[in-house]
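Reader: I'd like a close look at one helix in this model, side chains included. Please set it against the rest of the chain too.

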Amino acid sequence: MTLIKRIYALLQPDERRKAWKAICTVFLTALLDFAGLASLLPVLYYLLDDGGKGQAALLFCALAIGVILIKCILCTFFIRYQNQCLLSYYRRLSFSLFSSFYNRGLLFIREQGSSKLGHEINNMCYGFSHSLLGPAFRMAGDVLLIIFVTIALLIWNGKTVALLFASFIPFMCIYVLVVKKRVREYGANDMDAKREQARVVMDTFRGYVELEVNGAFPTLQSSFLEGMDKISHNRLKLDTLLRLPLFLSELSVVVGLTLLVTFGEGDVKMLAGIFAIAAFRLLPALRTILTGWTQIQNSICCLDAIEEGLKGYNNDAELKQQEITFEREISIEKLTYTYPEGGTIFKDFDCTIHKGEYVGFRGSSGAGKSTLFNILIGLLKPIGGSIKIDGIPLSEKSRASWLKQIGYVPQEVFIFNGTLAENIALGCKDIDFHRVEEVIKHVSLDRWLESLPEGINTQLSEAGGKLSGGQKQRIGIARALYKQAAVLLMDEATSALDNRTEWEINNTLLQLKTNYKDLTILSIAHRDSSLEYCDRIITIENKYE
């Protein structure tokens with residue numbers, strides 16, 4: 001598939017229409033550039049005329065200035081439209097890639113890593129729009145300009161065209177043949193180096209405490225500098241290649257003048273003048289074509305990354321949803337799961353959970369407790385068996401409805417840089433502040449709330465850095481209560497807490513039986529003390545370790 005077909009395939013129907021309009025503006029821009037160039041020819045004619053018609057030369061100079069001013073104004077609007085198209089492509093592709101990565105699921109995100117995915121979402125789409133499509137638009141405009149100039153010169157004097165092409169084309173061919181393979185290699189190396197650099201930075205800030213305690217920051221500094229050296233080295237080689245068009249174009253002019261002196265006949269002065277005016281505008285066009293070609297070759301990796309990221313993604317796909325309610329029981333029948341790398345977690349697991357029950361799951365690390373929760377949420381698909389809610393199987397059709405009824409509290413509760421109310425009403429644009437205050441009382445955070453300077457509108461720091469473990473867990477529980485979840489999943493939620501805080505959280509969960517009688521709680525823990533509030537405890541054993 002050609003590069004143009006690959007690009008065209010990425011665009012949606014309305015974007016393709018925009019692209020055709022942008023191509024029209026490219027054509028008009030080239031036409032205006034040609035008109036500006038042609039307006040200089042009468043000036044040249046009268047300047048070289050031995051009759052010395054100075055008044056006429058001044059008149060045509062004024063005319064040329066007017067033409068060029070109009071050309072500049074119109075070209076500014078056309079280029080602005082082209083840039084708007086490029087930004088709209090960047091915005092849509094970045095959003096689609098963001099959605100595609102999210103929809104690929106938990107295993108994909110864990111395997112690829114958040115730093116790599118973040119780099120591709122933010123940088124690859126921008127590179128595609130502004131380092132691949134942008135140069136393509138500019139190259140197309142300059143190619144059209146060269147065609148217009150060539151046609152005009154062929155009509156006037158074919159020898160001038162021969163001289164221009166004889167001086168320019170060989171150097172263009174040399175440049176293309178020399179740099180093509182190298183530029184693609186530099187582009188791929190640059191992308192890999194920037195991905196690794198993003199990962200190093202993210203890992204450093206995420207693991208700050210452990211790095212500080214173990215004195216490991218110098219190692220990360222070395223990795224950072226090594227990455228910077230790779231990026232700088234690739235950039236240096238690429239910038240060197242980008243300078244070659246300037247040198248080659250200047251050399252081509254000298255070659256052209258040499259050919260003109262050697263083979264020129266007739267009115268050599270006029271011929272030289274025409275050649276000078278053509279070279280005056282065609283030299284930048286030639287540099288733009290060669291530099292743009294280099295940028296495109298360097299940015300093809302962006303196109304590769306976007307195509308791979310959007311593979312199988314359909315933003316318009318609508319799956320008919322099946323509504324389910326949880327009124328009686330959750331039935332787990334002969335559930336079997338094996339990770340893609342081949343590790344069997346459990347096989348033929350059976351369990352029934354009745355509505356309103358508090359059920360605990362215990363077992364050694366790796367027994368499959370968190371995996372079971374991920375299957376219950378629908379993040380992982382079992383290879384055998386089924387999960388039924390009131391007799392309806394959990395599937396892609398029913399998952400959205402089921403998720404509306406689930407609350408999830410992990411060991412490290414997700415806290416983002418927003419207000420307390422926004423963190424509790426996660427994902428809600430219109431927040432019910434009265435309900436927020438109500439659930440805060442039910443999770444025993446009301447006394448802490450009174451100490452906050454702005455109450456529920458107090459801004460929480462990124463990742464809840466200023467919150468205690470117990471406060472984070474209570475916010476997680478409050479989030480589920482605000483959502484009015486029917487099932488609360490506690491995934492090792494109290495394992496990192498001290499005994500007293502753990503007891504307080506357990507006591508809070510027991511009190512929920514009074515205020516939320518139909519709430520079902522499923523809890524994972526290693527310690528029996530973490531499951532004291534449960535009605536019954538199920539032991540999960542991994543016989544395949």
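Author: Let's start with burial: a residue is buried under 20% relative accessible area, exposed over 50% and partly exposed in between, using a 1.4 Å probe and protein chains only. By that rule, 45% of the 545 residues in the protein chain are buried. Keep in mind that this is a predicted model, with local features needing pLDDT of at least 70 and side-chain atom pairs pLDDT 80 or more, while totals for chains, interfaces and linings use all residues. Numbering runs from 1 along each chain as its sequence is written, and side-chain values use heavy atoms, leaving out hydrogens and water.

The protein chain has 17 helices and nine strands, taken as DSSP runs (H or I, at least four residues, for helices; E, at least two, for strands) and numbered from the N terminus. The contacts, meaning heavy atoms within 4.5 Å, reach far along the sequence: of those with a separation of 6 or more, 80% join residues 24 or more positions apart.

Now zoom in on α11, which covers residues 369–377. This helix is mostly covered, with eight of its nine residues buried. The buried set is K369, T371, L372, F373, N374, I375, L376 and I377, so a lysine, K369, is tucked away by the accessible-area rule as well. Just past the helix comes G378, with a positive phi near 95°.

N374 is a good residue to click on. It sits in α11 and has a relative accessible area of 7%, so it counts as buried. Leaving out residues up to four places away in sequence, N374 touches L106, R110, L379 and L380.

For another helix to hold up beside α11, try α14 (residues 433–442), which packs on α16 (residues 469–482) at about 130°, with the axes 9 Å apart. That angle makes the two oblique, the label left after roughly parallel (under 35 degrees), roughly antiparallel (over 145) and roughly perpendicular (65 to 115). From α14, the contact uses R435, V436, V439 and H442, and from α16 it uses A478, L481 and Y482.

As for cysteines, the structure holds zero disulfides, a disulfide being a pair of cysteine sulfur atoms within 2.5 Å. For C72, the nearest cysteine sulfur belongs to C75 and is 6.8 Å away. C72 is partly exposed, at 37% relative accessible area, whereas C85 is buried, at 1%.

Note on methods:
Axes are lines fitted to C-alpha atoms, for helices over the stretch in contact, and angles run from 0 to 180 degrees between N-to-C directions.
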